[in-house]
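Welcome, and thanks for taking a look. Please have the sequence and the 3D view open side by side as you read on.

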Amino acid sequence: MIYRLLRPLIYALPPEVAHRLAFFFLRFVVGFYPIRKLLNAINGHRDPALQVKAFGLDFPSPIGLAAGLDKDAEAYEALGALGFGYVEVGTITAEAQPGNPRPRLFRLVSDRALINRMGFNNGGAERAARRLSRKRETIVGVNIGKTKRVKDEDTIEDYQRSTRLLARYADYFVVNISSPNTPGLRLLQAIDKLDPLLRAVRQSLDAHAGRYVPLLVKIAPDLADEDIDQIADLAVNLGIDGIIATNTTIRRDGLSLSQREIEAIGSGGLSGAPLRERSLDVLRRLRARVGDQVTLISVGGIEDGDEAFRRIKAGASLVQIYTGYIYGGPGLPKRMERELLAAMRREGFDSIQKAIGAGEG
Ligand SMILES: Cc1cc2nc3c(=O)[nH]c(=O)nc-3n(C[C@H](O)[C@H](O)[C@H](O)COP(=O)(O)O)c2cc1C
């Protein structure tokens, strides 16, 4: 309600300014201990039917925040208090880097979409490790990527450096090889590159975490079907715990903007409603290939509980949102919980866990 009133004001600001303001509010108001405690008491009170067990962790709700909003692990506790069942921080790179020049984030309001070419702006793994080392109440996934200035031949070492620094503080770990905004990154999705990378990160995790930390890989929606199948097979063969599908797309289909407007924005990843059907297709394809051997997290164009339930029936154990949150506001995770429970009951299920992969019949 309050968000709806503030929205025109927020939209009047450049997107990154609005983002910094929202983060300031999250860290210092929502994150202020007594307020956070109160919000946790209200929002943490959940219907047990929402609980999901995935890769050995007990998620209080399957609705998580996707990577890219809390890039520097600054506000995961506040975001958890606002109702997310878990928060994925990052993408974090081994070294701090500024990202691409601005403007690099664009609102496409009429399409409920965003285009971004942020380029992994973040303060580096050491700083994030310090922030993550505190005791916490929220399940936190740590998403890592390649430092831009590092040469291609040193990529594995770069991912291992981040892993060494962050392993101990992650509830689950994500190798991101699917952002369109770091040159060459998505080439790591080729099996001959991905296989040694995932093995190396797994080894570093085992050596430095002091316990088993689930390892996931995040893929792009722009892969050909055969490549999706190959990654699915690799995940099964290597015992990868999960696949997150999908990142943003470099396609521009289904937008209401003119060709000129699209060109004026330039390169970057498109997220939000236009990504919905492709993201679901990738999920279905993965599910058909991996069965229940690999956990699937669905992300891309999810804006409400009905869509979240559709993904769960198509085989996702968990879902994530980003763009939907920007347009839907801070109340969205709790609203989605209510809608999800209603959809679940309407279709005769008594828990989310039982609906996973139940099909769309
Ligand atoms: C501004 C912005 C920044 C993002 N940054 C990252 C990132 O650093 N790492 C990552 O894995 N995904 C990143 N993403 C992708 C999201 O995590 C998500 O996969 C994608 O936006 C699709 O979900 P959505 O349609 O709910 O936004 C970013 C997305 C946006 C819009």
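## Starting from two strands

Strands E3 and E4 run parallel and are joined by two bridges. Helices (H or I, at least four residues) and strands (E, at least two) are DSSP runs, numbered from the N terminus, and two strands pair if DSSP finds at least two bridges between them. Between E3 and E4 the chain passes through H4, and this β-α-β crossover is right-handed; that is, with the strands pointing away from the viewer, the path from the first strand over the helix to the second runs clockwise. One residue to pick out in E3 is Leu-65, whose bridge partner in E4 is Val-87.

Before going further, two notes on the model. It is predicted: local features need pLDDT of at least 70, side-chain atom pairs count only at pLDDT 80 or more, and totals for chains, interfaces and linings use all residues. Residue numbers start from 1 along each chain as its sequence is written.

## The barrel

Eight strands close into a barrel with parallel pairing, in the order E3-E4-E7-E8-E9-E10-E12-E13. On average, neighbouring strands of this sheet are turned by 25° against each other, direction ignored; axes are lines fitted to C-alpha atoms, for helices over the stretch in contact, and angles run from 0 to 180 degrees between N-to-C directions.

On its other side, E4 is parallel to E7, with four bridges between them, and Ile-92 has Ile-144 as its bridge partner in E7. Because seven of the seven residues of E4 are buried, this strand is largely enclosed by the rest of the structure. Here a residue is buried if 20 or more other C-beta atoms lie within 10 Å of its own, exposed if 12 or fewer, and partly exposed in between, with C-beta atoms placed from the backbone.

Further round, strand E9 (residues 215-219) pairs with E10 in the parallel sense over four bridges, and Val-217 meets Ile-243 as its bridge partner in E10. Helix H10 (residues 276-290) lies across E10 and strand E12 (295-299), running at about 170° to E12. Contact here means that the C-beta atoms of two residues, placed from the backbone, lie within 7 Å.

## Around the ligand

The ligand is surrounded by 28 residues, and the closest are Ala-66, Gly-68, Ser-271, Tyr-322 and Thr-323. Strand E4 (86-92), strand E6 (113-116), strand E11 (269-272) and helix H12 (323-328) are the elements that give two or more residues to this shell. A residue counts as near the ligand if its C-beta atom, placed from the backbone, lies within 6 Å of it.

By class, the shell has eleven nonpolar, 15 polar and two charged residues. Ala, Val, Leu, Ile, Met, Phe, Trp, Tyr, Cys and Pro count as nonpolar, Asp, Glu, Lys and Arg as charged, and the others, Gly among them, as polar.

## Backbone details worth a check

Most residues other than glycine have a negative phi, and most peptide bonds are trans. Gly-90 and Thr-91 are joined by a cis peptide bond with omega of about 10°, and Thr-91 lies in strand E4. The bond from Ala-245 to Thr-246 is also cis, with omega near 15°.

Ala-73, in the loop between strand E3 (63-65) and helix H4 (76-81), has a positive phi near 55°. Ala-73 counts as buried because it has 25 C-beta neighbours inside 10 Å. Phe-120, in the loop between E6 and helix H5 (125-132), has a positive phi near 55° and counts as buried, with 24 C-beta neighbours inside 10 Å.
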